[in-house]
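Visitor: I should like a close look at one single part of this model. Please begin with one residue, and then relate it to its surroundings and to the whole.

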Amino acid sequence: MELNKFSKVLIANRGEIAVRIIRACRELGIKTVAVYSKADEHSLHAKLADESICIGPAESKKSYLNIPAIIAAAEISGADAIHPGYGFLSENAGFAEICQKCDFTFIGPTPEQMRQLGEKVAARDVARRAGLPFLPGSKSAIESVDEAKITAKEIGFPVILKASGGGGGRGMKIVHKEDDLENAYLTCRQEASAAFGNSEVYLEKYLENPRHVEIQIIADHHGNVVHVGERDCSVQRRHQKVIEEAPCNLLTEVDREKIGGYAIALAQQVGYHGAGTVEFLMDDNKNVYFMEMNTRIQVEHPVTEEVSGIDLVRTQILVAMGHKLPFSQADVKIKGHAIECRINAEDPTSFAPWPGHITAYSCPGGYGVRVDGFVYHGYTVVPFYDSMLTKLIVYGDTREIALKRMESALKEFIVDGIRTNIPFHLKVLSHPEFINGTHSTRFLEKAGFVKPSH
Ligand code: MV4
């Protein structure tokens, strides 16, 4: 891998992550090209970049997912590299391959690495070879109703069926008794085939009240892989994370090194480079089980940055330029506690999206407070994309201090003209179960904040 310095990076994304990437590029002395849809003309990312190119109408398919338009923008602007952010094309191996063929560095893993880890049945195979722990379940795809019944009886109900092409909660079916298995298996296959073009389904023991724990890794092109500790993302609504924190309040340094070791082993198994996240479920006895790997930078990366002092987006760009990681595993020290609240334009009780004109806007600030967003006073939130406006991240020496700081910062926010989920965050933050850190992934439904999903 030659050591080239990018002179210009195109950001194939929008919103706060595009802004985050522009900031990292600026600090590295790299010029930036924003692409934007017609609906995003007034978005901060289009204003902050050195150049901005309109790539299509509001509809994502015709703009942020429009590969020919994005490649054309990269060619016209003379970009050296493309950063995909999260969502959109970030985990599309075909897009990474086209970038490569057109001589643009894709800031992320190789198409081959993305393919090996994208499909769940394939990823589980890689993880098994790397020695990661699994819940009891099928080794590979389940090929018949009979096989599903035999496997389920072996491990005991409840079980969960998961589509190989799914992920992030899509294509799953929980089955509580044998009578329901045949129907669940057949519909899961059908839905998977329609949604992902792949009917493969596997089966595993269903954990009732797990915690969601994920390990951040970062790897260079020279075989160095480092983990940057875990995030706890157990507060989710319909598989959308709402609050994330680092570290997980239940884990010790010894636990962290063990789970971090699993994540490193998985990355090494495919010669991974770039930033990535390995997701685990954790049971009441702190046993962890491999779920899936995300081959991109994630929304919640700032909490890891806050507790590690490592700039993950800067490091992503450095390793994509062929640099060695500027730190080793021994240099990574997790200190203090960070919490992130995703501030969405939505009704705080019904969660219905609430786009519109922002008639007044003021951000919180002060010691230990960070705001990663893209909206401003006078901006009009458009209805075409996800409703996240900004991320409020706080840091404190302890979880208790961070919780207080978050409450205070949420109360400082002024967002008029639209509805936001800030009142929802304040309610969650005052709930005893969340405060004492004994909540699970089913916390929001159990506490009555949302309707049960299963
Ligand atoms: C599970 C599970 C319980 N048992 N697998 C949802 C997202 C995907 N990454 C995995 N998911 C789950 N898999 C077994 N065997 C429960 C969930 C789950 C969940 C996981 C993390 C955070 C929130 C969740 C909400 C519902 C279900």
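Guide: Phe-351 lies in the loop between β14 (337-344) and β15 (356-357); helices (H or I, at least four residues) and strands (E, at least two) are DSSP runs, numbered from the N terminus. The model is a predicted one, in which local features need pLDDT of at least 70 and side-chain atom pairs count only at pLDDT 80 or more, whereas totals for chains, interfaces and linings use all residues. Residues are numbered from 1 along each chain as its sequence is written, and side-chain values use heavy atoms, with hydrogens and water left out.

Phe-351 is not a glycine, yet its phi is positive, near 65°. With a relative accessible area of 10%, Phe-351 is buried; buried means under 20% relative accessible area, exposed over 50%, and partly exposed in between (1.4 Å probe, protein chains only). A second non-glycine residue with a positive phi, of about 65°, is Lys-286. Lys-286 is placed in the loop between β12 and β13, and its relative accessibility of 28% makes it partly exposed.

On the other side of β14 along the chain is the loop that runs from α11 to β14, where Ile-334 is found. Ile-334 is partly exposed at 23% relative accessibility. Leaving aside residues up to four places away in sequence, Ile-334 touches Val-228, Gly-229, Pro-247, Arg-256, Val-307 and Ser-308, where contact means heavy atoms within 4.5 Å. One of these partners, Pro-247, lies in the loop between β11 (240-246) and α9 (253-269), and the peptide bond that leads to Pro-247 from Ala-246 is cis, with omega near -5°. A cis peptide bond also joins Phe-157 and Pro-158, with omega about -5°; Pro-158 sits in the loop between α7 (145-155) and β6. Ile-334 can also serve as a point from which to gauge distance: its C-alpha atom is 36 Å from that of Lys-173, and the two residues are 161 residues apart along the chain.

The helix α11 that precedes this loop deserves attention. Of the 9 residues of α11 (residues 312-320), 8 are buried, so the helix is largely enclosed by the rest of the structure. The buried set comprises Leu-312, Val-313, Thr-315, Gln-316, Ile-317, Leu-318, Val-319 and Ala-320. At the N-terminal end, Asp-311 acts as a cap, with a side-chain oxygen 3.3 Å from the backbone nitrogen of Val-313. A polar contact here is a pair of N or O atoms within 3.5 Å; within protein, one must be able to donate a hydrogen and the other to accept it, and residues adjacent in sequence count only if both atoms are side-chain atoms. Just after α11, Gly-322 adopts a positive phi of about 95°.

Another buried residue is Gln-113, at 6% relative accessible area. Gln-113 belongs to helix α5 (residues 111-118), and it touches Val-270, Gly-271, Tyr-272 and His-273, residues up to four places away in sequence not being counted.

The ligand comes next. Around the ligand there are 18 residues, of which Lys-162, Glu-204, Lys-205, Leu-207 and Thr-441 come nearest; a residue is near a molecule or strand if one of its heavy atoms lies within 4 Å of it. A side-chain N or O atom of Lys-162 is 2.8 Å from a nitrogen atom of the ligand. A polar backbone atom of Lys-205 lies 2.7 Å from a ligand nitrogen, and a polar side-chain atom of Glu-279 lies 3.3 Å from a nitrogen atom of the ligand. On its own the ligand has 530 Å² of accessible area, and the protein covers 95% of this; such areas come from the Shrake-Rupley method with a 1.4 Å probe, and for residues only the protein chains shown count as cover. Two or more residues of the shell are given by each of β6 (159-167), β8 (201-205), β12 (274-282) and β13 (288-294).

Finally, the whole. The protein has 15 helices and 20 strands. Its radius of gyration is 22 Å, close to the 22 Å of the globule rule for 454 residues, so the protein is as compact as a globular protein of that length; the radius is taken over C-alpha atoms, and the rule is 2.2 Å times the number of residues to the power 0.38. Of the 454 residues, 57% count as buried.
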